[in-house]
Amino acid sequence: MKIAFFSAQKYEQSFFIAHNSAEHQLLFFSERLTELSAKLAQGCDAVCAFVNDDLSESVLQSLLKLNIKLVTLRCAGFNNVDLIAAKNLGINITRVPAYSPEAVAEHCIALMLTLSRKTHKAYNRVKEGNFDLNGLLGFNLHKKTVGVIGTGKIGLALCNILTGFGCRILAHDPKPSSDQLNYVSLEALLAESDIISLHCPLLPATHHMINDDAYQQMKPGVMLINTSRGALVDTKATIKALKNKTLGYLGLDVYEQESELFFKDMSNEIIQDDEFQRLLSFSNVLITGHQGFFTQEALDEIATVTFFNIKQFAEQRVLTNTVV
């Protein structure tokens with residue numbers, strides 16, 4: 001098959017080339033998939049898309065006109081897909097449901113520890129010959145109450161790690177997945193947690209679930225970690241919570257307007273997003289550019305499962321990892 005990869009980065013191309021045992025023809029485009037760029041898939045049999053590619057109805061219609069019947073996502077999330085339009089148009093959508101839960105869970109821990117022990121600040125000080133400890137006072141994770149919202153594979157992996165730290169874990173999920181966890185209401189979790197970590201899909205019910213009302217229910221000085229989907233968190237409400245010190249620490253690997261920023265080198269440009277710039281101005285905010293998934297093991301699994309999805313489609317078999 002001839003497959004068009006959109007939003008293709010140099011770091012991932014080698015993984016797909018290495019795992020291409022069926023010798024598909026791979027076309028890598030750095031361009032994000034949009035209605036305008038969809039024409040690059042002319043002559044292809046399938047499209048491989050990533051988290052910030054546009055798979056709205058108009059884009060799917062453009063792909064259908066090119067006779068493309070498979071869009072395989074090389075990610076777990078599919079909130080960027082118009083599922084109703086895909087179904088009506090007869091376009092199959094597959095994904096990689098669980099490439100490496102531990103990769104994302106471990107990145108959560110990295111954010112927590114960096115914020116709690118201020119290691120990013122200490123690193124910069126020592127590089128400049130400054131060994132003063134003033135301003136670097138941290139806190140233990142041991143015995144802290146951590147609220148985990150969403151206990152799918154990533155949430156469960158995080159809970160396993162936190163157990164080793166000696167944390168008290170509160171969990172919330174509409175569909176509890178473990179009888180070993182203490183599931184509580186969202187209100188109780190928000191009120192009792194010292195640290196809150198989000199592991200939810202982006203759905204209408206979860207959009208801006210962390211908003212003004214949620215912050216009002218939290219402990220003063222709480223730490224919030226989001227490695228799931230940016231729009232789970234209301235940015236305006238978050239800035240307000242940082243200013244009034246309800247939010248004591250914020251660690252983000254995702255951002256609700258990240259499609260205009262992440263996976264690009266913006267170092268020589270003026271970032272136009274005022275809210276993102278405001279977040280960066282706080283000393284207690286740590287942002288990484290959607291790299292939670294970015295490990296050797298995860299990229300191997302993403303490539304393997306993506307080609308498995310393509311193989312099933314080519315052989316007209318039932319699609320194991322279908323979204324539509």
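**Entry 1: strands E8 and E9.** I began with strand E8, residues 195-198, and strand E9, residues 222-226, in this predicted model. The two strands run parallel and are joined by four bridges. I then looked up one position along this pairing and found Ser197 opposite Ile225 in E9.

**Entry 2: the sheet that holds E8 and E9.** I traced the neighbours on either side. The sheet is open and has six strands, in the order E7-E6-E8-E9-E10-E11. Its pairing is parallel. I noted strand E7 (168-172) and strand E11 (285-287) as the edge strands, since each of them pairs on one side only. From one strand to the next, I recorded an average twist of 15°.

**Entry 3: helices on the six-stranded sheet.** I next asked which strands helix H6 lies across. Helix H6, residues 153-165, lies across strand E6 (145-149), E7 and E8. I recorded its direction as about 170° to E6. Helix H9, residues 235-243, also packs on the sheet. I found H9 touching strand E10 (247-252) and E11, with an angle of about 140° between the directions of H9 and E10.

**Entry 4: the five-stranded sheet.** I turned to another open sheet, which is made of five strands in the order E2-E1-E3-E4-E5. The pairing here is parallel. Strand E2 (25-28) and strand E5 (92-94) are the edges, each pairing on one side only. I recorded an average twist of 20° from one strand to the next.

At the E5 edge, I examined the pairing with strand E4, residues 70-73. E4 and E5 pair in the parallel sense over three bridges. For Thr72, I found the bridge partner in E5 to be Thr94.

I then looked for contacts made by helix H11, residues 296-314. Helix H11 packs on this sheet and touches strand E1 (2-5), E2, strand E3 (46-49), E4 and E5. The direction of H11 makes about 160° with that of E4.

**Entry 5: cysteines.** How many disulfides does the model contain? I counted zero. Why does Cys44 form no such bond? The closest cysteine sulfur to that of Cys44 belongs to Cys48 and is 11 Å away, which is too far for a bond, because a disulfide requires the two sulfur atoms to be within 2.5 Å. I also checked whether Cys44 is buried or exposed. Cys44 counts as buried, at 4% relative accessibility.

For Cys108, I found no disulfide either, the nearest cysteine sulfur being that of Cys159, 10 Å away. Cys108 is buried, with a relative accessible area of 0%.

Definitions and conventions. Residues are numbered from 1 along each chain as its sequence is written. This is a predicted model: local features need pLDDT of at least 70, side-chain atom pairs count only at pLDDT 80 or more; totals for chains, interfaces and linings use all residues. Side-chain values use heavy atoms; hydrogens and water are left out. Two strands pair if DSSP finds at least two bridges between them. Axes are lines fitted to C-alpha atoms, for helices over the stretch in contact, and angles run from 0 to 180 degrees between N-to-C directions. Contact means heavy atoms within 4.5 Å. Buried means under 20% relative accessible area, exposed over 50%, partly exposed in between (1.4 Å probe, protein chains only).
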